[in-house]
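Here's a quick tour of a protein and the DNA it sits with. Have a look at the structure first, then read on for the contacts and charges.

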Amino acid sequence: MNELLEKAEKLGIKIPPISSEKINEDIKPVLRKMEQVGIRIDCNVLHRLDQKLSKRLEELKQAIFKLAGHEFNVDSPSQMADVLFDELKLPVEGLKKTKTGISTAASELKKIENEPEIIKLILEHRELSKLISTYLRPLPLLVDEQDRLHTTYGMETTTGRLTSSEPNLQNIPIRGIYGLEIRSAFIASKGMKLVAADYSQIELRVVACLAQDRAMIESFKKGEDIHTRTASEIFDVPIKKVTKEMRRKAKAVNFGIVYGQTPYGLSQALGIDVQKAAEYIMHYFNVHKGIKDYINEMIVKAHTDGYVETLFGTKRYLPEINSKIRFIAEGEERMAINTPVQGTAAEILKLAMIELDKRLAKTGARMLLTVHDEIVVEAAEKEAEKVGRIVKEVMESVVTLCVPVEAEAGAGKNWAEAK
DNA sequence: ACAATGGTCC
DNA sequence: ACTCGGACCATTGTA
């Protein structure tokens, strides 16, 4: 405990004197309450979208059959591979193989030159069937008499993150038009509003601090867009000359840092060749020596101590880090890099939830959901703005990092509108 | 019942 | 020969 506080002090961090064990005890009753309250669902929205997408799905299926020359199970990857690569003879060069054959994953299909019509149809089919079978159909079956959905939160992760199951409300779609439409089915109770607040780049702020990376700390202090800043560094252009495409690539680099970047992994994420990816990473480490040193420190620590730990002292043991099988050892090295970052961010959010639970007790507002760096609260319509300010304030002040901790809060009649 | 494949979220 | 971290869940196909 004292060592933790000392370590934090050295990093320019102020944390409340609470151990990870205590956090994990205190969060439990908060989670149980959230599970019981549940979140209200507008089943009509889900049902209407189901009808609409099911119709489109049938059209897509027929169009795929026509191009394939016969009917088959579009949901079967093995049958799909037979059709695409044996019958239609689409090029397999550069595509990943699975144990059973050639991968038909969307990321692989997108690599096929000039995207044949059938590929476009398959990708749309995959998107719609996913939404229908995972969200639109099952969720309405799980609501209670008040149209409320109750998840179960778990704490059995290796990093300290929470899980959500039966149903998982931490992977509700958000991308694309359908994503937002599905989120709009998550609504506030009568006379109330949803308040959604999420941390801005919490993991990158944490790593900037843990690594004491000067450039990154300066960037956060200035309030810059971190991905644009990274793009300017790795492509060596002024901030103003950063294009959307450059920013997109830089974003992948920044994510990679937190995950234990490899050139191969980055190349896969961006669909570029490994050489290019290695180049980006090299440019990145030229600027961010602090990050580079941090990564090495964590790997060395894991090898010598056998574990790494978060800011609040959650340990993760890495018994295979000295394995002779390189693949295994490297896997654990990436965990050594990622766990302190992801775990610390998770602890910060749990701390905020514990604190928020106390602060909201006096108001009529109730916490409903949490999604790793986000908290969703339900508040009386008239109080929504005020509650939004409270949530934001609690999230931002529960720890003091060496960079600003920022959260954004919004309010609306549904989850899509609140973000 | 279980492994493999694929896909959604942060 | 080849993987970027952490989860949960649906479907197919085999046992």
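## DNA strand C

In Asn73, a polar side-chain atom sits 3.2 Å from a phosphate oxygen of DNA strand C, a polar contact here being a pair of N or O atoms within 3.5 Å; within protein, one atom must be able to donate a hydrogen and the other to accept it, and residues adjacent in sequence count only if both atoms are side-chain atoms. Ser76 also goes for the backbone of the DNA: an N or O atom in the side chain of Ser76 is 2.5 Å from a phosphate oxygen of strand C. Ala252 does something else, putting a backbone N or O atom 3.3 Å from a base nitrogen of DNA strand C.

Altogether, 35 residues surround DNA strand C, the closest being Ser76, Gln79, Glu166, Asn168 and Arg334; a residue is near a strand or molecule if one of its heavy atoms lies within 4 Å of it. Sugar and phosphate make up 65% of the strand C atoms that come within 4 Å of the protein. H16 supplies the largest share of this surface, seven residues (helices are DSSP runs of H or I with at least four residues, strands are E runs of at least two, and both are numbered from the N terminus). By class, the surface near strand C has seven nonpolar, 21 polar and seven charged residues; Ala, Val, Leu, Ile, Met, Phe, Trp, Tyr, Cys and Pro count as nonpolar, Asp, Glu, Lys and Arg as charged, and the others, Gly among them, as polar.

## Ground rules

This is a predicted model, with local features needing pLDDT of at least 70 and side-chain atom pairs counting only at pLDDT 80 or more, while totals for chains, interfaces and linings use all residues. Residues are numbered from 1 along each chain as its sequence is written, chains are lettered from A and ligands numbered from 1 in the order in which they are written, and side-chain values use heavy atoms, with hydrogens and water left out.

## DNA strand B

Over at DNA strand B, 22 residues surround the DNA, with Thr104, Arg161, Asn171, Arg175 and Asp373 the closest. Sugar and phosphate account for 84% of the strand B atoms that come within 4 Å of the protein. Helix H6 (residues 117-136) gives the most to this surface, with three residues. The class split near strand B is eight nonpolar, seven polar and seven charged.

Which atom of DNA strand B is 2.8 Å from the side chain of Asn171? A base oxygen, paired with a side-chain N or O atom of Asn171. Phosphate oxygens of strand B are met by a polar side-chain atom of Thr98 at 3.0 Å and by a backbone N or O atom of Ile174 at 2.9 Å.

## Salt bridges

The count comes to 27 salt bridges, each a side-chain nitrogen of Lys or Arg within 4 Å of a carboxyl oxygen of Asp or Glu. In one of them, Lys419 and Glu374 meet at 3.6 Å, N to O. That pair links distant parts of the chain, with Lys419 in the segment after helix H18 (415-418) and Glu374 in strand E10 (residues 374-380), 45 residues apart. Lys419 is partly exposed at 47% relative accessibility, whereas Glu374 is buried at 3% (buried means under 20% relative accessible area, exposed over 50%, partly exposed in between, with a 1.4 Å probe and protein chains only).

Glu218 and Lys222 pair up too, their closest N and O atoms 3.5 Å apart. They sit four residues apart in helix H10 (residues 214-222), so about one helical turn separates them.
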